[in-house]
Structures are given as structure tokens and as C-alpha cells.
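Got the viewer open? Let's walk through it together, one selection at a time.

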Amino acid sequence: MSEQVRPRAAVPEQLALGGMPEKLFVCTPSKLGAYEDCPRRFRYQYVDRPQPQKGPPWAHNSLGASVHTALKNWYALDVAARTVEALPRLLRATWVAEGYRDGAQERAAFDVALRWLEEYVGTLDPADDPVGVERVVATRTPVLAFNGRVDRIDRRGDELVIVDYKTGRAPLTSDDARGSRALALYAFAAERTIHRRCRSVELHHLPTGSVAAHEHTEESLRRHVSRAEDTARDIVAAQRRMAAGEDPDAAFPTAPSNRCSWCDWRRVCPVGRDAVEREPWSSVQRALDPAGDAAESTPAAG
Ligand code: SF4
């Protein structure tokens, strides 16, 4: 064992007691995704208490959050005020400054973010009111109590469309939209929350202005939900084994990958400590440098 922080020895909340029905596993897409990416990362984030020391904030997360909030606030304006000219003020008002190397890099990132927003908003009809902006959708299955916040829910004809903004550098394809567990769960939950059919999911990549779309079927959504339920069962089983005395490192093993370099827990993880170290601002710097190597490992920025 090489952990710096001991896991809590609590009985997991989902544990059945005396024949009582099991509680549903309460989750968001990011909670499920954390376990699917790396069970150890999940443990550091959701199980160990006190929580291990996280790494410093990432500038690419700050950039993504700033852009998302500016778009949310743009839609909160009256239709007449939804102009491209409104964007600098909106972006400045909720700009997240954490993680940048210095003021010069932060100013360059602000300029890039503003250009992405101006180009993207230029393609929108201000009179179109989405069904939801950063709207929470929630639903239950026999295993899960799921909730998530969707960047935007549009209505096209009689159907809903899930829209997820992306600001990472890597280009996106329809395979990314098809394979996204989060998008599928959002669609599944949106249909049940808003009571309108929802099969379309879209990734709107602001750096390129491209849209990666996929049309789900009832069956493909069910497959995603079923896999999410499998993940939930795996998590509950791991928590139970740990509560029963199994070595926490064995219950929640590491899953090394190129994501380790971008992991918040890299410095406390025995595997992550050997991963290539990235500066908090290095992903943003590559986004600012058009001559950089696009194929190099990049974090999955929102
Ligand atoms: S550094 Fe890698 S192996 Fe360790 S918790 Fe993070 S993702 Fe998992």
C-alpha cells in the first residue's frame, strides 16, 4: 500500500440491509466516467475522506468554464441584447483566471475564447430560445438515480436535441457523439424530464465551429443506460469489498493511460507519479500555438 490518505471505512450507501430494497446509485455522467476511466481516480475523488490533496487548477478547465458561462449568460439576455457585441462584457464578467502561466498567457487565452464565442454566436439565431440552458435533467432506472446538467437542449420539430459545448483542442467526430455515455444519458433523462422524444446528440466544438452529431435509437440509448448500470454495480461491489476489509488499492485498481498526465490525483497516485508531468497551462499553450502538434496527448476539456 502506498496511499497517503486512508479511505473511509464506511459501509457504502447502496448496501442493502435486512432484505430492504437496495438504494439507487446516485450519479452524474462525470461520476460514472471517473470510474470507467480509472477506478483509483474514482476512489480519490468520491470515496477517500479526507480527500487526498488535488493538483493545482488546470488552465484549460478555466478556459472551458469561462466559455460555457458566457454562453449561458448570453442566452439569459433579452433577445434584442443577444448580440456578438455583448460577448466581451459577458466573458470578462465571469472569467476564471486560475491555472494560467502569467498575465500574458491569460490575455491571449481571453482573446482566443472571445474569438471562438464571436464566431459561434454569429451562427446562432438570437430569437431561438432553447428548451433549456445548463438545465438539470434527472431520471431513475432500477439501478440508477441519474442527474446531469446539459449545456443546452434545443427543440427541432417535435424532438429535443442535446447540445454539449467542447473547447478542447482535439477535433471531434460523429463517433465521439455516438460513443459519449454522457450525451446518451442526457438524452435518456431529457426525454423523461421534459416528456418529449430525444434521440439527437451533438458536440459543438467551438475552436473549429464544427458539429459532431449522432442520432440514437431507442436500443442504442438502452445500451448506454445498461452499461451505466453495469458501472454502477461495479462501483457498489468495489465499495462493499473495501468495507468488508479488502485492500482499497485492490478494490479500486489503477488504470494507467495517457490521461494520467492530466489527472488531478497524479501526485498522490503511485502510477501517476511516473507519468509525464504537464504544467497547468500547457494544454492552453498548445491551443494558443497553431504550429503545435495536434496529435499529442491532450486532456478531454469540456
Ligand atoms: S494518475 Fe492515472 S492511474 Fe493514477 S488515479 Fe489518475 S488516472 Fe488513475
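Here is the tour, stop by stop.

You're looking at a predicted model, where local features need pLDDT of at least 70, side-chain atom pairs count only at pLDDT 80 or more, and totals for chains, interfaces and linings use all residues. Residues are numbered from 1 along each chain as its sequence is written.

**The ligand.** Select the ligand and its surroundings: 15 residues surround the ligand, counting a residue if its C-beta atom, placed from the backbone, lies within 6 Å. The closest are Cys38, Cys260, Cys263, Cys269 and Gly272. By class, this shell has 9 nonpolar, 2 polar and 4 charged residues (Ala, Val, Leu, Ile, Met, Phe, Trp, Tyr, Cys and Pro are nonpolar; Asp, Glu, Lys and Arg charged; the others, Gly among them, polar).

**Helix H7.** Next, pick residues 181–194, helix H7 (helices are DSSP runs of H or I, at least four residues, numbered from the N terminus). Buried or exposed, what are the residues of H7? 11 of the 14 are buried, so H7 is largely enclosed by the rest of the structure; buried means 20 or more other C-beta atoms, placed from the backbone, within 10 Å of a residue's own. Among the buried ones, colour Tyr186, Phe188 and Glu191. Then step to histidine 195, which follows H7 and has a positive phi, near 60°.

**H3 and H5.** Finally, show H3 (residues 59–76) and H5 (residues 103–121). Residues in H3 including Leu63, Leu71 and Trp74 meet a set in H5 that includes Trp116 and Leu117, with contact meaning C-beta atoms, placed from the backbone, within 7 Å. By class, that contact has 11 nonpolar, 1 polar and no charged residues.

How values were computed
Axes are lines fitted to C-alpha atoms, for helices over the stretch in contact, and angles run from 0 to 180 degrees between N-to-C directions. Helices (H or I, at least four residues) and strands (E, at least two) are DSSP runs, numbered from the N terminus. Two residues are in contact if their C-beta atoms, placed from the backbone, lie within 7 Å. The expected span of a helix is 1.5 Å times one less than its number of residues. A residue is buried if 20 or more other C-beta atoms lie within 10 Å of its own, exposed if 12 or fewer, and partly exposed in between; C-beta atoms are placed from the backbone.
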